[in-house]
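Open the model in your viewer and keep the selection tool ready. We will go stop by stop.

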Amino acid sequence: MNEYVQAEKNSIIERDSYLTSTNIIPINGFNIKWKSLGPYNITRIPNMENFYGSGKINAFAIDNSNPNIMYVGAGLQAIGGPFSSAGIYKTINGGKTWFPVDNGLYDAQITSIILDQSNISIIITSTWSNLISKSPMGIFRSDNGGSSWYPVLNIPTTYLYYDNGTIYASTTNGIYVSQNWGLNWSLLKATSTWVTLVKVLNGNIYTGLWNGTELIYQKNISKWYYTTPSTLKEPSPWIMDIAVNPWNNYEQFIVYWRSYQTPDLFYTSDGGENWSVVENYSGAAQELAYGENGSTIYMGTDGALYVS
């Protein structure tokens, strides 16, 4: 375990009794129940000025066959703060207690966690840090449920996405893929700027770039192309999230981010040929997701959860 992580975490974090209360938030007539699960009391890491252990959770993974087993990770991420270096925490009892699983992680700023649901001992995580001179950083693999890690791709990585046997990685110099759970990687598409995220649906690949452009691979014509809303303000913000309708891949929403710059949410119904601004909400948009039926879209902002 490297000194940054070891100095921070030396005990299991117990869930505080006063944080087990449930908040109920009504949405469209339904009562959505939320419960705080932790981990808590994560302290600042020594030698990391203005850096904290606790911060935004960038990554989450759950064992589908045993939901009591969960992993969370927090870190810098290319899309912004709050900055932290919490590494990865694991629970095996549904969040009652959490413990760090960072042995071999030389970079504690986590951006993604993917769990092999057919073999829960195998975990892939990505890291992205330009503030620590430690090497390697990028993508790590664990073969023992997080007890230890080893590097598999030494390139700062902002996002991982799993689809039909392939892991896609958005990195600082392009999109990489692995078809054997991270043991080997190949460059799928080089880019001249950082890739902030990648998502795949029905063989189509949707990527956000640091310069505000979306790069799309359209399977039916075997072609990559770029699209950007014409009303996007300068300086160009980066793409924070993309949501594609599972029943109509030409329909999608994009969230942009640059210090609360507005407008930050755009919509297209024709695959990016034309974009319109979505403005009927408050707060800075950050995360998007379509419902399975394709007729519902969920959006998380700094202050609320929206559904349309």
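**First stop: S142**

Select S142. Leaving aside neighbours within four places in sequence, S142 is in contact with S121, I122, I123, S147, S148 and W149. Contact here means heavy atoms within 4.5 Å.

A word on what you are looking at. This is a predicted model, where local features need pLDDT of at least 70, side-chain atom pairs count only at pLDDT 80 or more, and totals for chains, interfaces and linings use all residues. Residues are numbered from 1 along each chain as its sequence is written, and side-chain values use heavy atoms, with hydrogens and water left out.

Stay on S142. It sits in strand β10, residues 139-142. Strands (E, at least two residues) and helices (H or I, at least four) are DSSP runs, numbered from the N terminus. Is S142 buried or exposed? S142 counts as buried because its relative accessibility is 0%. The cut-offs are these: buried is under 20% relative accessible area, exposed is over 50%, and partly exposed is in between (1.4 Å probe, protein chains only).

Now show the side chain of S142. It makes a polar contact with the side chain of N144, at 2.9 Å. Then find the backbone oxygen of S148, which lies 2.9 Å from a polar atom of the S142 side chain. A polar contact is a pair of N or O atoms within 3.5 Å; within protein, one must be able to donate a hydrogen and the other to accept it, and residues adjacent in sequence count only if both atoms are side-chain atoms.

**Second stop: S178 and its strand**

Select S178. This serine is in strand β14, residues 174-178. S178 counts as buried because its relative accessibility is 2%. Which side chain does the side chain of S178 meet in a polar contact? That of N180, at 3.1 Å. Not counting residues up to four places away in sequence, S178 touches G165, T166, I167, L183, N184 and W185.

Widen the selection to all of β14. The strand is mostly covered: five of its five residues are buried. Look to one partner, β13: four bridges join β13 to β14, and the two run antiparallel. Two strands pair if DSSP finds at least two bridges between them. A169 stands opposite Y176 in β14. Between β13 and β14 there are two residues, and the strands form a hairpin.

Next, look to β15. Four bridges join β14 to β15, again antiparallel. Select I175 and find its bridge partner in β15, K189.

**Third stop: two loops**

Select N164. This residue is in the loop between β12 (157-163) and β13 (166-171). Its phi is near 50 degrees, a positive value in a residue other than glycine. N164 counts as exposed because its relative accessible area is 72%.

Now jump to W181, in the loop between β14 and β15 (186-190). Phi of W181 is near 55 degrees, also positive in a residue other than glycine. W181 is buried, with a relative accessible area of 15%.

**Fourth stop: strands β21 to β23**

Select residues 248-257, strand β21, and residues 265-268, strand β22. They pair in the antiparallel sense over four bridges. Q252 stands opposite T268 in β22. Add β23, residues 276-277: two bridges join β22 to β23, and they run antiparallel. Which residue of β23 does Y267 stand opposite? S276.

**Fifth stop: the surface**

Switch to a surface view. Select W34, Y298 and L305, which make a nonpolar surface patch of about 300 Å². Patches are made of residues with over 30% relative accessible area and no salt bridge; like charges are joined within 9 Å, nonpolar side chains (Val, Leu, Ile, Met, Phe, Trp, Tyr) within 5 Å. A salt bridge is a side-chain nitrogen of Lys or Arg within 4 Å of a carboxyl oxygen of Asp or Glu. Y298 lies in strand β25, residues 297-301. Y298 is partly exposed, with a relative accessible area of 39%.

**Last stop: S36 and the whole chain**

Select S36, in the loop between β3 (30-35) and β4 (57-62). S36 counts as partly exposed, at 30% relative accessibility. Add G95: the C-alpha atoms of S36 and G95 are separated by 8.9 Å, and the residues are 59 apart along the chain.

Zoom out. The chain has one helix and 26 strands. Of its 308 residues, 52% count as buried.

How values were computed. Areas by Shrake-Rupley, 256 points an atom, 1.4 Å probe, with all protein chains shown as cover.
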